[in-house]
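Open the model in your viewer and keep the sequence panel beside it. The stops below say what to select and what is there.

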Amino acid sequence: MEVLEESNEDDEYKDNLEDEVRPKKTKFMVLAPKVDQLEVLKSELGTLNYPTSYQQNTVKEDLMLQYAENFRRQYVYMYPDRKPLFLNPLNECRVQKFVSTTLRPTLLKHEELYNWEGCAQFVSDFLIVDSLDPVFDVPDYLFSPTTVLKRQKGNCFDFSNLLCSLLLGTGYDAYCVSGYAVKEMCLVDETREICPLLKESELVKKDQDKQAVKKYAVKPVRELRSKFEMNQEAQRLAEKEAEEERRQKELERLADLKIKGTHDVMHGLRVHCWVLVLAGKREVPENFFIDPFTGNSYKTTNEKFLGIESIWNQRNYWVNMQDCKFGCKDVAFDLGDPVRWEYMLPDTDNSLLAFPESYDYLIDEGFDDDEKEMEKIFDMPPSWIQEINIPAKDIETRCPKGEKIIQYKKANLEKYAPYLNVDGMVMRLIEYEDIECTSFVKVTEWYSNRKDMLEKIERNMRTRTIIEYFKNGRSTAVKKHIFRSSEPETDRTLKYISQLRVDGLVSRVENATEMTERFKDRPDFLIYRLTTFAKRLRKVKLPGAFQLNYRTIVKITERFDRDRSKPANEDVAEQVFLITQEHIHLTYHREDDRITALKREFILPPNLLQKDDQEVNMEQIVITFEIRAFLKDRADERKANELVISVYDTERNEKAKEHRKEQKRLEEEQRMRRAEEELDYLAPFLARLGQPRRITKKIAMTLRNDCLMDMKKGLIDQANRIQSRFEKEAQELQSKQQWYQQNQISMTKEDEQAYLAYCSEAMFRIHIFEMRLNKHKETAPLKYLALEEKIRKDPRLAKKLKNC
């Protein structure tokens with residue numbers, strides 16, 4: 001993004017900025033009509049080949065479904081007024097699966113997904129919201145997390161199922177919650193919420209405003225004013241502020257009603273699913289909720305959550321038996337308490353309550369042997385879901401098509417994938433003055449992978465200031481640039497990383513007549529420099545003439561920190577150069593036991609430079625400041641919008657891609673060369689002769705004779721091997737026949753049958769070897785003659801063997 005230059009008219013400045021940061025409309029407010037979820041899935045992903053676990057149930061899963069159906073019947077009989085439980089939804093193959101088996105705890109290799117904040121933010125950004133239809137019933141389908149990731153869309157149950165799987169894999173005690181929430185949460189309407197980035201900035205500002213109270217600090221001077229009058233004035237100001245705040249809230253409420261309408265008639269009936277994280281594991285101090293649509297965390301007492309029907313994880317399913325007429329603020333999450341939570345399967349991990357000894361007879365007689373045996377042996381079937389895998393490209397892209405827009409109260413937040421925008425912008429926050437979001441007052445943009453190390457830009461419409469933030473890595477070590485115009489000699493503040501600069505410069509503040517610099521940790525103890533300039537006179541620039549554009553310096557004031565290695569009367573505290581008056585004033589540090597400090601004044605003697613002296617070369621003795629150079633570099637950088645691509649980014653790094661192509665080409669050529677050498681019948685013989693560059697007649701004859709001799713030797717060796725195996729089989733058969741003649745009388749019928757079978761197999765093998773030997777004798781001369789003809793026609797040897 002190019003930095004906006006100062007304009008003469010406020011309207012022009014505002015119009016330009018409005019065109020640049022025109023907000024986009026949010027996508028998540030339209031409810032689609034109810035359609036068959038499987039038909040939508042097929043239209044989006046086509047026909048997929050699902051594994052067997054998706055298409056049918058195991059014996060244990062069928063038993064779990066029967067167990068759940070029995071649980072559901074008892075629940076409906078005992079609580080006919082409550083809504084149906086979310087137990088056995090259909091999956092993408094129209095197969096009933098118990099909800100706990102749809103969770104697949106997964107730990108991925110991406111660092112961003114090692115904590116709950118990263119997992120929640122990824123699920124919120126990566127998936128598109130598909131609202132429930134109808135909004136007052138649980139869905140008929142619950143797709144697997146793998147299908148939801150491929151589809152990149154889902155309802156609140158799909159969101160929560162995926163998020164809970166990731167949280168369980170990273171070690172959190174997480175649960176899916178089926179319940180009820182307010183309309184804004186179910187429809188992902190955050191227009192009444194303050195943007196989290198603004199909340200964080202307010203907290204940071206409050207922390208910065210808090211000043212550490214020093215025990216031995218000097219008390220401020222008492223203000224000689226009437227306390228009664230001060231209290232009355234403070235009370236009037238407080239009443240005025242309170243009245244202004246009430247008026248503002250009333251205006252916002254009226255505007256909110258105008259936009260959102262009246263009270264929600266379905267309040268308390270809208271079904272929602274979210275995630276519960278219990279304290280204990282991963283150093284979680286207290287229980288909290290996570291809304292999967294936004295990725296935000298809430299206390300379990302938050303008024304946006306209106307009730308809970310049930311919760312589940314990969315091990316068990318619990319039904320809430322507590323009253324939720326006042327929302328979830330009074331709900332206790334002690335899952336081992338059977339009075340508050342009715343569990344489906346016995347879970348020793350959450351069985352926290354123990355029966356008194358006086359009630360042992362209830363435990364012994366309350367259940368029959370079959371039920372006790374079932375509780376002992378039956379546990380939750382394993383997950384039927386394939387392993388969850390999220391490619392690194394999806395982690396980087398995050399949002400669908402790489403962009404997402406969220407509308408908050410008086411603010412719009414835009415998120416973009418890295419490298420999606422040519423200027424490297426990854427996020428933009430637009431703050432508005434009114435709740436209708438028609439007039440914005442501030443725009444903040446975040447950048448990444450910029451070659452100029454630009455990290456953030458803040459544009460304030462009220463103060464008409466622009467603030468640029470930079471990361472480490474710039475040659476001048478600038479970390480902050482505050483300005484109103486890109487032209488030099490205007491109000492400007494530059495802050496530096498003093499540790500990275502040789503001169504220890506901390507900040508530089510400039511306007512039309514002054515420039516103030518502050519330093520730190522310099523060897524000469526310089527901490528402050530104020531340069532005062534004369535007003536620039538307009539000069540007519542002659543064509544072809546070279547004119548220096550230096551500003552006339554009127555005064556330079558420098559201040560130094562105390563150097564304890566010198567006496568105070570020799571350590572300069574301040575030196576003032578009055579350039580136009582040709583005076584120098586020095587003020588030294590004051591001794592601890594003195595009241596005044598030593599001062600000296602130097603006056604330039606008259607006629608110091610005579611007429612015969614040479615003129616002073618200003619280019620040699622004047623050191624220019626880099627403000628103009630910095631502004632020129634910034635203008636070039638804004639125009640270039642050059643992004644940095646890591647050498648490890650194999651998709652975008654063109655040099656690395658070309659290098660890989662070249663390496664692949666060389667490897668392919670080397671492979672083909674090796675294949676040619678393997679197929680070249682003369683290659684071993686040429687290697688034996690030392691790879692001669694030129695084949696003479698003598699070398700050709702040698703190659704011909706060696707090649708034919710090698711062929712002849714190979715044919716003879718092959719014939720000898722066949723003959724040897726033929727003779728060995730015949731000798732073994734003869735020995736077996738002799739053994740049979742000697743033991744024929746005492747042999748059993750089984751031994752005789754085994755002998756006959758062996759003879760049959762041996763005769764078959766002897767016959768095969770005889771056929772191979774005869775065929776070899778017939779084809780060997782033909783192979784020899786074929787090789788001789790091939791050698792004679794070889795282009796490398798043909799001319800040399802023509803007359804041979």
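How far apart are the end C-alpha atoms of helix α7 (residues 156-169)? Select residues 156-169: the end C-alpha atoms are 20 Å apart, which agrees with the 20 Å that 14 residues should span at 1.5 Å a residue. The expected span of a helix is 1.5 Å times one less than its number of residues. Helices (H or I, at least four residues) and strands (E, at least two) are DSSP runs, numbered from the N terminus.

Before moving on, note how the model is read. This is a predicted model, in which local features need pLDDT of at least 70 and side-chain atom pairs count only at pLDDT 80 or more, while totals for chains, interfaces and linings use all residues. Residues are numbered from 1 along each chain as its sequence is written, and side-chain values use heavy atoms, with hydrogens and water left out.

**The whole chain**

Show the full protein chain: it has 19 helices and 24 strands. Of its 804 residues, 38% are buried. Buried means under 20% relative accessible area, exposed over 50%, and partly exposed in between (1.4 Å probe, protein chains only). Among contacts with a separation of 6 or more, 57% are between residues 24 or more positions apart; contact means heavy atoms within 4.5 Å.

**Helix α7 and the sheet beside it**

Go back to α7. The helix is largely enclosed by the rest of the structure, because 13 of its 14 residues are buried. At its start, select Asn155 and Phe157: a side-chain oxygen of Asn155 comes within 3.0 Å of the backbone nitrogen of Phe157. Just after the helix, Gly171 has a positive phi of about 100°.

Next, select the open sheet of 7 strands, which run in the order β6-β5-β4-β3-β7-β8-β9 with antiparallel pairing. β6 (297-299) and β9 (341-343) are the edge strands, each pairing on one side only. From one strand to the next, the twist averages 35°. Helix α7 packs on this sheet and touches β3 (174-181), β4 (271-277), β5 (288-290) and β7 (305-312); the direction of α7 makes about 10° with that of β4. Axes are lines fitted to C-alpha atoms, for helices over the stretch in contact, and angles run from 0 to 180 degrees between N-to-C directions.

At one edge, strand β8 (residues 317-320) and β9 pair over 3 bridges in the antiparallel sense. Two strands pair if DSSP finds at least two bridges between them. Select Trp318 to find its bridge partner in β9, Tyr343.

**Three strands: β13, β14 and β15**

Select residues 454-460, which are strand β14. This strand is largely enclosed by the rest of the structure, because 5 of its 7 residues are buried. β14 pairs antiparallel with strand β13 (residues 440-447) over 5 bridges, and with strand β15 (residues 465-470) over 6 bridges, again antiparallel.

Which residues sit across from Asn460? Lys442 is its bridge partner, and Thr465 in β15 stands opposite Asn460 as well.

The hairpin of β13 and β14 has 6 residues between the strands, and in it Asn449 has a positive phi near 60°. The hairpin of β14 and β15 has 4 residues between the strands; there Arg464 has a positive phi near 55°.

Now pick Lys456, in β14. A polar contact of 3.4 Å joins its side chain to that of Glu458. A polar contact is a pair of N or O atoms within 3.5 Å; within protein, one must be able to donate a hydrogen and the other to accept it, and residues adjacent in sequence count only if both atoms are side-chain atoms. Beyond four places in sequence, the residues that Lys456 touches include Trp446, Tyr447, Ile467 and Tyr469.

**A loop proline**

Select Pro89, in the loop between α4 (59-78) and α5 (116-126). Is Pro89 buried or exposed? Its relative accessible area is 6%, so Pro89 counts as buried. Val138 is 49 residues away in sequence, yet the two C-alpha atoms are 9.2 Å apart. Outside its neighbours within four places, Pro89 is in contact with residues including Val95, Val99, Asp140 and Tyr141.

**Helix α18**

Last, select residues 697-742, helix α18, with 46 residues. From first to last C-alpha it reaches 68 Å, close to the 68 Å expected. Its buried residues, among them Leu703, Cys707, Leu715 and Ile722, pack against α17 (683-688) and α19 (749-793).
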